[in-house]
Amino acid sequence: MSAISLLFHPASTSAESHILDLTLLPCLSGYKVSMGSENVTETAEDGDQVVDFVTLGMFIIDEIEFLPPKPPVRDVLGGAGSWSALGARLFSPPPLSRSVGWIIDQGSDFPATLTRLIDSWATGAVFRPNPDRLTTRGWNGYADSSERRAFRYTTPKRRLAADDLSGPLLRARAFHVICSPSRCRDLVADILARRRAEAADCARPLFVWEPVPDRCVPDELLNCTNALPLVDVCSPNHTELAGFMGSDGLDPETGEISTAAVEQNCEQLLASMPLQSYTLVIRAGEKGCYIARNGGRKRPPAGSSSRGGKKPKKKEYVRGGLQPDTDMEALFAGLLQDDEGAVVREELEADPGTEMWIPAYHNHNHDDDDDGASGQTKVVDPTGGGNTFLGALAVALARGKPVEEACVWGSVAASFAIEQVGVPRIGADDAGRETWNCVRVEDRLREFRDRVGVDEPPRDGEQV
């Protein structure tokens with residue numbers, strides 16, 4: 001089992017201070033728990049720990065260099081792993097917070113401030129210290145006045161694979177993977193194989209796939225369609241979706257994100273694969289997100305029949321090819337015939353699919369504050385918004401929410417991620433309830449549901 005190291009913080013009178021939730025200890029079998037200078041090893045079984053969400057996104061420490069005169073910011077929590085874990089964590093207050101799993105490879109240069117920050121979230125984070133290497137770091141910079149940010153690694157990167165998962169992390173209900181189409185197929189296959197090896201009756205988890213930008217090109221479209229049957233949700237952003245289709249996804253007149261292009265690209269992609277239902281969730285910045293799921297036919301339960309309960313039998317044909325009396329309609333439609341040769345048409349329930357836009361929480365058409373400030377004025381740095389969206393979406397699906405509600409969770413989570421440089425501040429209100437940026441997630445979720453007209457689904461015991 002991988003080691004997990006948690007640092008205990010003495011309590012203080014500040015509402016912003018946080019201490020390690022001691023209810024976590026029974027769930028940390030075999031992990032090293034660091035409390036000050038003393039090491040404590042728990043021996044309880046880890047089989048009772050339930051992990052709803054695990055991300056295989058990388059942990060990266062960011063350096064962000066802005067245009068002058070704004071000074072650079074260093075040692076910023078970053079990477080798809082950190083942001084997606086944040087998205088799941090926003091909807092997982094303690095003790096549910098420990099159901100959020102992610103892996104942090106700590107190099108010799110790992111800042112103590114980040115350890116304390118991550119520790120304050122009280123998640124199921126697995127720390128893997130290695131004094132012989134540096135932590136994965138990245139440089140982010142702006143070359144001009146546009147919002148397009150350049151990125152490069154400044155230390156060797158440490159990519160995660162299925163072999164990095166064990167115990168509760170391997171048994172997670174949902175996985176977030178960010179990779180190329182071919183690697184997506186390999187990751188899903190490897191994770192499922194490892195789960196079967198550990199427990200043959202292990203239920204299939206959910207997979208949320210975020211394609212990497214540099215592989216969203218027309219040459220990868222076939223690989224993309226081969227990966228779709230293996231995942232539950234595929235979520236490129238508008239640019240990445242357009243890249244698969246050989247376009248830029250922008251309105252040629254305004255240069256803004258084209259919602260029509262998003263819809264058309266989804267329709268083309270799903271129409272090319274009509275034999276199975278697939279779900280696309282396209283993240284489109286200030287336009288929000290677009291849900292596209294192609295419909296299909298739902299057959300009646302086994303044993304039912306449209307002709308008084310009598311099970312129809314296939315008409316037998318002489319071997320050797322088509323015969324003069326072959327019923328071509330039955331042959332090609334896959335329908336059954338009774339003893340008299342009459343076509344028995346099964347009653348099929350049609351699934352119309354889903355085509356739906358959900359707006360961004362912060363947008364030009366919404367006033368966040370009582371003073372009438374536009375939602376866009378609350379957006380400080382969009383970095384990590386998409387990853388945070390997918391972390392919340394994945395954990396919502398893992399807890400049985402429909403995709404429409406999961407996208408509402410994602411939009412609310414992303415709103416917290418983009419209100420500052422770096423991650424939002426965790427705190428507590430006067431009643432001791434958890435807040436992020438001084439706002440309760442539950443309150444923002446309720447307000448956003450009312451705004452977009454998405455009804456709250458029935459509660460199933462989860463905490464929000």
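What follows is a short chat about a sheet and a helix pair in this predicted model.

Reader: Start with the sheet. What's the strand order, and is the sheet open or closed?
Author: The sheet is open. Its 4 strands run in the order 5-4-8-9, with mixed pairing.

Reader: Which strands are at the edges?
Author: Strand 5 (73-78) and strand 9 (149-153). Each of them pairs on one side only.

Reader: And the twist, what does it average?
Author: It averages 30 degrees from one strand to the next.

Reader: What about strand 4 and strand 8, parallel or antiparallel?
Author: Parallel. Strand 4 covers residues 60-65 and strand 8 covers residues 137-142, and they pair over 5 bridges.

Reader: What stands opposite Ile64 there?
Author: Asn140, in strand 8.

Reader: Which helix packs on the sheet?
Author: Helix 1, residues 79-90. It touches strand 4 and strand 5. Its direction makes about 60 degrees with that of strand 5.

Reader: New topic. How do helix 10 and helix 11 cross?
Author: Their axes come within 10 Å and cross at roughly 125 degrees. Helix 10 is residues 403-417 and helix 11 is residues 441-452.

Reader: Why call that oblique?
Author: Because roughly perpendicular stops at 115 degrees and roughly antiparallel needs over 145. The crossing is at roughly 125 degrees, so helix 10 is oblique to helix 11.

Reader: Left-handed or right-handed?
Author: Right-handed.

Reader: Which residues make the contact?
Author: From helix 10, they include Val408, Trp409, Val412 and Phe416. From helix 11, Leu445, Phe448 and Arg449 are among them.

Reader: How many are nonpolar, polar and charged?
Author: The contact has 8 nonpolar, 2 polar and 3 charged residues.

Methods: Residues are numbered from 1 along each chain as its sequence is written. This is a predicted model: local features need pLDDT of at least 70, side-chain atom pairs count only at pLDDT 80 or more; totals for chains, interfaces and linings use all residues. Side-chain values use heavy atoms; hydrogens and water are left out. Two strands pair if DSSP finds at least two bridges between them. Helices (H or I, at least four residues) and strands (E, at least two) are DSSP runs, numbered from the N terminus. Axes are lines fitted to C-alpha atoms, for helices over the stretch in contact, and angles run from 0 to 180 degrees between N-to-C directions. Contact means heavy atoms within 4.5 Å. Angles under 35 degrees count as roughly parallel, over 145 as roughly antiparallel, 65 to 115 as roughly perpendicular and the rest as oblique. A crossing is left-handed if the near helix is turned anticlockwise from the far one by less than a right angle, and right-handed if clockwise. Ala, Val, Leu, Ile, Met, Phe, Trp, Tyr, Cys and Pro count as nonpolar, Asp, Glu, Lys and Arg as charged, and the others, Gly among them, as polar.
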